[in-house]
Structures are given as structure tokens and as C-alpha cells.
Amino acid sequence: MSTKSPQSPYHDIPPVAAIEDGGPAISPGLVEIPHRYRYDVVQGFFIQNGPEPKHMEFEEMLKRNFGLIDESPERWDNLRKDVKKLQDDAPEGVLYKVMFLGRHGQGWHNFGASKYGVDPWEDYWTFLNGDGEITWGPDPELTPLGVSQAQAIQKCWKEQLPHKPPISSQEMRWYVSPLTRTGQTMLESWGELLTGVPEVWEDWREIYGSHTCDKRSTRTYIANRFPTFKIEEGFAEEDELWKADDRETDAHMQMRAQRAMDRLFGPDGAKETFISVTSHSAILRNLLAVLHHQPYPLATGEMIPVVVKATRLSAEEMDKQEEFTITRVRMD
């Protein structure tokens with residue numbers, strides 16, 4: 001049997017979406033101009049945010065309070081106070097939030113990519129639904145390892161409870177990609193600690209097109225599978241974005257990452273300071289570029305906290321921006 005697919009031009013460069021370690025520590029760079037806000041990372045709170053490049057595995061970060069630099073018993077209260085001071089001292093049009101950006105645990109597509117290797121996966125297997133032994137598309141579920149990776153997050157949050165982390169529904173808001181593996185990860189990562197209603201946004205989904213693992217389920221399926229989730233208005237019943245002969249670009253992912261961030265920080269967005277987003281490797285890689293964050297590949301089940309500064313563009317600056325809409329970006 002040949003392991004070359006006629007769709008092999010849709011090989012991701014670099015391949016990150018299905019790779020368990022998140023791929024190389026290479027940023028795509030900011031390839032999309034800001035829309036309504038410019039985003040920057042505020043260093044000095046979490047190890048992952050630099051200036052030192054990634055140098056610890058996530059298991060070590062879990063032992064170090066998700067990477068929080070302040071290790072005192074008052075660490076989470078200090079974070080609250082510091083971010084509040086940043087906001088209180090900020091000029092008009094500048095907003096701060098703390099985002100916890102999590103990649104889903106290992107899915108069956110990640111298992112498949114590890115089973116066959118990166119190049120055979122990207123050139124052939126990713127365009128199929130499975131190999132007769134395992135199924136990875138469309139919309140695969142978590143493996144048992146993926147479930148345990150997500151549960152490790154929950155365990156760490158519970159260990160933080162004596163130090164009053166900002167995870168109540170009064171302080172935090174939860175968002176999740178519409179794909180099954182992220183919904184599962186959201187529930188396993190939080191368990192009974194999840195006291196708010198997770199919101200499903202299409203813009204948080206993985207890079208889409210051609211690879212079967214990135215085709216989502218129907219709205220009806222998502223609503224039945226995750227009845228406690230709130231699905232955003234205008235969410236289509238069928239996946240109208242995934243096309244077999246197309247693969248989304250970094251520029252397009254950054255467009256929708258910026259759109260999601262603008263919505264989150266906008267006047268009708270989240271009032272809470274602390275935000276949880278459960279998403280995917282490739283879209284988070286591009287979101288970090290939008291945030292001007294250093295390259296930071298996320299392994300399956302890994303979560304990175306980021307203190308984000310949003311600066312609203314002036315009317316004159318926004319007038320210079322072109323109108324952004326969802327358009328298909330062909331790659332052939």
C-alpha cells in the first residue's frame with residue numbers, strides 16, 4: 001500500500017497540530033495586523049512568559065504552581081493585587097487579563113501520529129479516518145492517557161485551593177473549542193471546580209481543513225455530548241469551515257485569534273479578569289504570536305498562563321485596518 005496521498009501538499013509546516021510535544025519552538029511571527037487591540041505579554045509573573053526560553057517540562061510546572069514565580073503562601077492573592085494595580089494605573093483604553101491557555105490531552109490522532117511518525121502521518125494517514133485498529137477522524141476523542149493528562153490539571157488546582165486561586169465563577173470565565181477532545185479536556189481539567197458555564201466559540205478550534213481529525217461534529221452532537229456548555233450564537237449545525245481540499249494558514253488562524261481576543265476584551269466581552277481557554281496546539285501557537293509571546297510549544301495536556309495587556313487602537317488606527325471576514329484560503 002502506498003503511503004503517499006494526493007493531498008500531501010497540505011502537510012503542515014511545521015507540523016504541530018497532531019504532534020504530542022507541540023513541535024519546534026519556532027513562532028510563525030505576527031503575520032496578521034491588529035484589528036481593534038494590540039496585545040502584549042506582561043513578564044514577571046509566570047516562568048513560561050520569558051525572557052528565558054522554554055526549559056521545563058509541564059510536569060515540573062505543575063509542581064511549581066503552574067509556573068507562578070511567586071511561591072509564597074499568598075501567591076494568588078499577590079497576583080490579584082498586582083494585576084489590579086496594573087489596571088488601576090492603566091490609561092484609558094488599556095486592559096489586563098490573566099489567561100490560562102490549555103491544549104487538550106492526547107487524542108487518538110496524536111496517538112496515530114506517534115504510531116506512524118511525523119512524515120508518514122502528514123503525508124498520508126492524517127487524511128484518513130483511521131487505520132482499521134484506531135479511529136482518529138472526524139473529531140477524535142481523548143485516549144486514556146489524554147484523560148489522565150487533563151486530570152493532572154485538576155489535581156494541581158485542588159492542591160492550590162488552600163492558597164485561594166482565582167478559579168471561582170466570580171473571578172474566572174471559561175471558553176472551549178467545539179471539538180470533542182477539548183470538551184473532554186475542559187471537564188476533566190476542572191471537574192467539580194468548574195462552577196461557571198463554559199462557552200463554545202468556533203474561533204478557538206484547531207487549524208482546519210484536509211486533516212480529518214480537525215473536522216468538528218454537528219452542533220446537535222456537541223449540545224448533547226456537553227449539555228452544560230453554552231454554544232455561541234450563530235454556530236452552524238454542520239462544519240462549514242472544514243474542506244477536504246484546503247488547509248488553513250497561519251495568517252487566517254491569527255485573524256480569528258485576534259477576532260476572539262477582541263471579542264473577549266471588547267465592551268460586550270468578559271468582565272472577569274481571569275480567563276480559561278481550552279484549545280489546540282496550532283491555534284494557540286498563533287495566538288501566542290498575536291500576544292507577542294515568545295515561541296512556546298505546548299505538549300498534549302499542557303497549559304500556559306499569560307498576563308495579557310490589551311491596548312485599544314485609536315479610531316485613526318482602526319480606520320487604516322481593512323475589513324476582516326472569514327474567507328477560504330486555498331493552498332494549491
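**Figure 1. Right-handed crossing of helices α5 and α6 in the predicted model.** In this predicted model, α5 passes α6 in a right-handed crossing. The axes of α5 (residues 144–160) and α6 come within 6 Å and cross at roughly 35 degrees. On the α5 side, the contact is made by V147, A150, Q151, I153, Q154 and W157. The α6 side contributes T185, L187, E188, S189 and W190. Sorted by class, the contact comprises six nonpolar, four polar and one charged residues.

**Figure 2. Burial of helix α6.** Helix α6 is mostly covered, with nine of its 11 residues buried. The buried residues are T180, R181, T182, G183, Q184, T185, M186, S189 and W190. Among these, T185, S189 and W190 also take part in the contact with α5. The elements that cover the buried residues of α6 include the helices α3, α5 and α7 (219–225). The strands β2 (94–103), β3 and β6 also belong to this cover. G191 follows α6 and has a positive phi, near 55 degrees.

**Figure 3. The aromatic pair W108 and F111 within helix α3.** A search of the whole structure finds 19 aromatic pairs. One of them joins W108 and F111 in an edge-to-face arrangement, with 5.3 Å centre to centre and 70 degrees between the planes. Both residues lie in helix α3 (residues 108–116), where they are three residues apart, about one turn of the helix. W108 has a relative accessibility of 26% and therefore counts as partly exposed. F111, with a relative accessible area of 34%, is also partly exposed.

**Figure 4. The aromatic pair W174 and W190, with the surrounding aromatic cluster.** W174 and W190 form an edge-to-face pair, at 5.6 Å centre to centre and 90 degrees between the planes. W174 belongs to strand β3 (residues 172–176) and W190 to helix α6 (residues 180–190), so the pair ties together parts that are 16 residues apart in sequence. W174 and W190 are both buried. The two residues are members of one aromatic cluster, together with F46, F66, W76, F100 and W157. Of these members, W157 and W190 also appear in the contact between α5 and α6.

**Figure 5. Charged side-chain ends over aromatic rings.** The charged end of R263 sits over the ring of W201, at 3.7 Å from the ring centre. For K97, the charged end lies over the ring of F265, 5.6 Å from its centre.

**Figure 6. Surroundings of S217 in the loop before helix α7.** S217 is located in the loop between β4 (199–200) and α7. The relative accessible area of S217 is 17%, which is under 20%, and the residue is therefore buried. Leaving aside residues up to four places away in sequence, S217 touches D139, T180, I222 and E237. One of these partners, T180, is itself a buried residue of α6. S217 and V31 are 186 residues apart along the chain, and their C-alpha atoms are separated by 30 Å.

**Figure 7. Position of G266 in the loop between α8 and β6.** G266 lies in the loop that connects α8 (250–265) with β6 (274–279). With a relative accessibility of 12%, G266 counts as buried. G266 and E233 are separated by 33 residues in sequence and by 17 Å in space, C-alpha to C-alpha.

Conventions
Residues numbered from 1 in each chain as written. Predicted model: local features only at pLDDT ≥ 70, side-chain atom pairs only at ≥ 80, totals over all residues. Heavy atoms only, no water. Phe/Tyr/Trp six-rings, centres within 6.5 Å; stacked < 30°, edge-to-face > 60°. Helix = DSSP H or I, 4+ residues; strand = E, 2+ residues; numbered from the N terminus. Buried < 20%, exposed > 50% of the residue type's maximum accessible area, 1.4 Å probe, protein only. Lys NZ or Arg CZ within 6 Å of the ring centre and 35° of its normal. Axes fitted to C-alpha atoms, helices over the stretch in contact; angles between N-to-C directions. Left-handed = near helix turned anticlockwise from the far one by under 90°. Contact = heavy atoms within 4.5 Å. Nonpolar A, V, L, I, M, F, W, Y, C, P; charged D, E, K, R; others polar.
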